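Trainee: Please pick one position in this structure and go through it closely. Then follow the chain outward from there, so that I can place it in the whole.

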Amino acid sequence: MTEFTPYASLFGGAMIGLSAVLLMLWEGRIAGISGIAGRLMPPYRDGALLSRIGFVIGIVAAPLLIGWYSGNAIAQTVSSNVPLMILAGLLVGFGSVWGNGCTSGHGVCGLARLSTRSLVATGVFMTAAFATVFLVRHMIGA
Amino acid sequence: MSFLVNLALGLLFGAGLAISGMADPAKVLNFLDLFGTWDPSLAFVMGGAVIVTFVGYRLVLRRDRPIVGSNFHLPARNDIDTRVIAGPAIFGIGWGLGGFCPGPALAALGLGATGTLAFVPAMMLGMWAARLLAEDRMQTKAV
């Protein structure tokens with residue numbers, strides 16, 4: 001069980017949206033994390049590597065700063081099944097870059113642009129994720 | 001300068017992920033578990049983010065260009081090819097297995113859970129593999 005947090009989630013979501021809008025205003029780029037993180041590795045096609053490093057450092061540092069400032073570490077429950085998490089990571093990394101976007105690039109920025117490609121992509125990854133959790137939790141019973 | 005602006009925007013994005021609860025894969029997996037311990041929070045995160053971005057993009061894209069750079073880098077394609085089906089299908093399976101998509105995985109990295117430390121390097125490797133394979137295909141097509 002996790003607690004339903006409508007207000008915190010709506011507010012946090014709005015912060016994510018604001019970040020995406022300001023990135024578009026500043027340098028005209030989509031705030032897609034798979035695109036940003038995937039281009040930390042070579043080949044380097046444009047001069048935006050330093051920007052991408054900055055954005056990723058910010059994402060990694062933010063929860064630590066919040067935890068440090070509030071005195072409470074961010075609560076989380078992560079599977080400690082290492083082979084499963086390696087497999088999940090490979091699939092998420094490959095699939096998100098192969099499909100040109102993840103929850104942020106297609107799900108947030110793409111839907112906000114009313115892109116048909118992003119609508120299709122979001123429908124497919126949501127359906128695949130719902131089906132996977134259903135299989136794992138209710139069919140296999142893990 | 002662009003480094004610092006991006007650092008600040010990354011902090012805003014990461015704080016949004018942490019406050020919304022998305023750095024906790026258990027919340028994501030419970031959203032995806034419609035027939036179990038369903039937690040609708042993720043829909044509110046997406047809703048808040050899409051509404052702000054929808055309105056904000058409309059204001060920003062009235063400009064001729066961004067503050068830095070000569071033009072907006074907007075995806076121009078609108079066709080549905082196999083990659084935009086296969087990629088999200090593979091991504092969705094991994095998301096359902098681990099409860100992490102790329103942003104929250106990075107936000108969780110510093111919290112140091114064993115599962116996260118296994119997930120993130122594998123994710124980066126998967127991203128790199130997809131990029132190299134895509135480049136390889138483009139070159140084959142060009143020849």
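Mentor: Asn100(A) is buried, because 25 other C-beta atoms lie within 10 Å of its own, and 20 are enough for that label. The model is predicted, so the description below is of computed geometry. Asn100(A) sits in the loop between helix 4 and helix 5 of chain A. Its phi is positive, about 60°, although the residue is not a glycine. Most residues other than glycine have a negative phi.

A second residue of chain A with this kind of backbone angle is Leu114(A), which is not a glycine and has a positive phi near 55°. Leu114(A) belongs to the loop between helix 5 and helix 6 of chain A. Its surroundings can be set beside those of Asn100(A): Leu114(A) is exposed, because it counts 10 other C-beta atoms within 10 Å, where 12 or fewer meet the criterion. A positive phi thus occurs in chain A at a buried loop position, Asn100(A), and at an exposed one, Leu114(A).

The loop between helix 2 and helix 3 of chain A has its own backbone feature. Pro43(A) is found in that loop, and the peptide bond leading to it from Pro42(A) is cis, with omega near 0°. Most peptide bonds are trans.

These loops join the elements of a chain with 6 helices and 0 strands. Chain A has 142 residues, of which 54% are buried, and its C-alpha trace spans about 45 × 40 × 30 Å along the principal axes. Of the contacts in chain A between residues at least 6 apart in sequence, 43% join residues at least 24 apart.

A UniProt entry, which is unreviewed, annotates residues 6–26, 47–70, 82–99 and 119–140 of chain A as "transmembrane region". Two of these stretches can be compared with the coordinates. Residues 82–99 are 94% helix and 0% strand, with their end C-alpha atoms 25 Å apart. Residues 47–70 are 92% helix and 0% strand, and here the end C-alpha atoms lie 37 Å apart.

Chain A also touches chain B, in a contact that takes 102 residues from chain A and 106 residues from chain B. On the chain A side, helix 1 (6–27), helix 2 (33–38), helix 3 (49–70), helix 4 (82–98), helix 5 (103–112) and helix 6 (116–140) each supply at least two residues. Helix 1 of chain A gives the most, with 21 residues. By class, the chain A side divides into 65 nonpolar, 32 polar and 5 charged residues.

A loop residue across the contact is worth the same look. Asp39(B) is placed between helix 2 (25–32) and helix 3 (41–60) of chain B. It is buried, since 22 other C-beta atoms lie within 10 Å. Leaving aside neighbours within four places in sequence, its contacts include Thr2(A) and Phe4(A) from chain A, along with Lys27(B), Asn30(B) and Phe31(B). The C-alpha atom of Asp39(B) is 9.6 Å from that of Ala26(B), which is 13 residues away along the chain.

Chain B has 6 helices and 0 strands, and 52% of its 143 residues are buried. Helix 4 of chain B (residues 83–98) has 16 residues and reaches 22 Å from its first C-alpha to its last, close to the 22 Å expected at 1.5 Å a residue. Of those 16 residues, 13 are buried. After this helix comes Gly99(B), with a positive phi near 80°.

The last part is the largest nonpolar core, which holds 84 residues; Ala105(B), Leu106(B) and Phe119(B) touch the most other members. Helix 3 of chain B gives the most to this core, with 9 residues. Beyond its neighbours within four places in sequence, Ala105(B) is in contact with Phe100(B), Thr116(B), Phe119(B), Val120(B) and Met123(B).

Methods. Residues are numbered from 1 along each chain as its sequence is written. Chains are lettered from A and ligands numbered from 1 in the order in which they are written. This is a predicted model: local features need pLDDT of at least 70, side-chain atom pairs count only at pLDDT 80 or more; totals for chains, interfaces and linings use all residues. Two residues are in contact if their C-beta atoms, placed from the backbone, lie within 7 Å. Helices (H or I, at least four residues) and strands (E, at least two) are DSSP runs, numbered from the N terminus. Ala, Val, Leu, Ile, Met, Phe, Trp, Tyr, Cys and Pro count as nonpolar, Asp, Glu, Lys and Arg as charged, and the others, Gly among them, as polar. The expected span of a helix is 1.5 Å times one less than its number of residues. UniProt positions are given in the numbering used here, feature names are shortened, and annotations may be inferred rather than shown by experiment. A nonpolar core is a set of buried Ala, Val, Leu, Ile, Met, Phe, Trp, Tyr and Cys residues joined through C-beta atoms within 7 Å.
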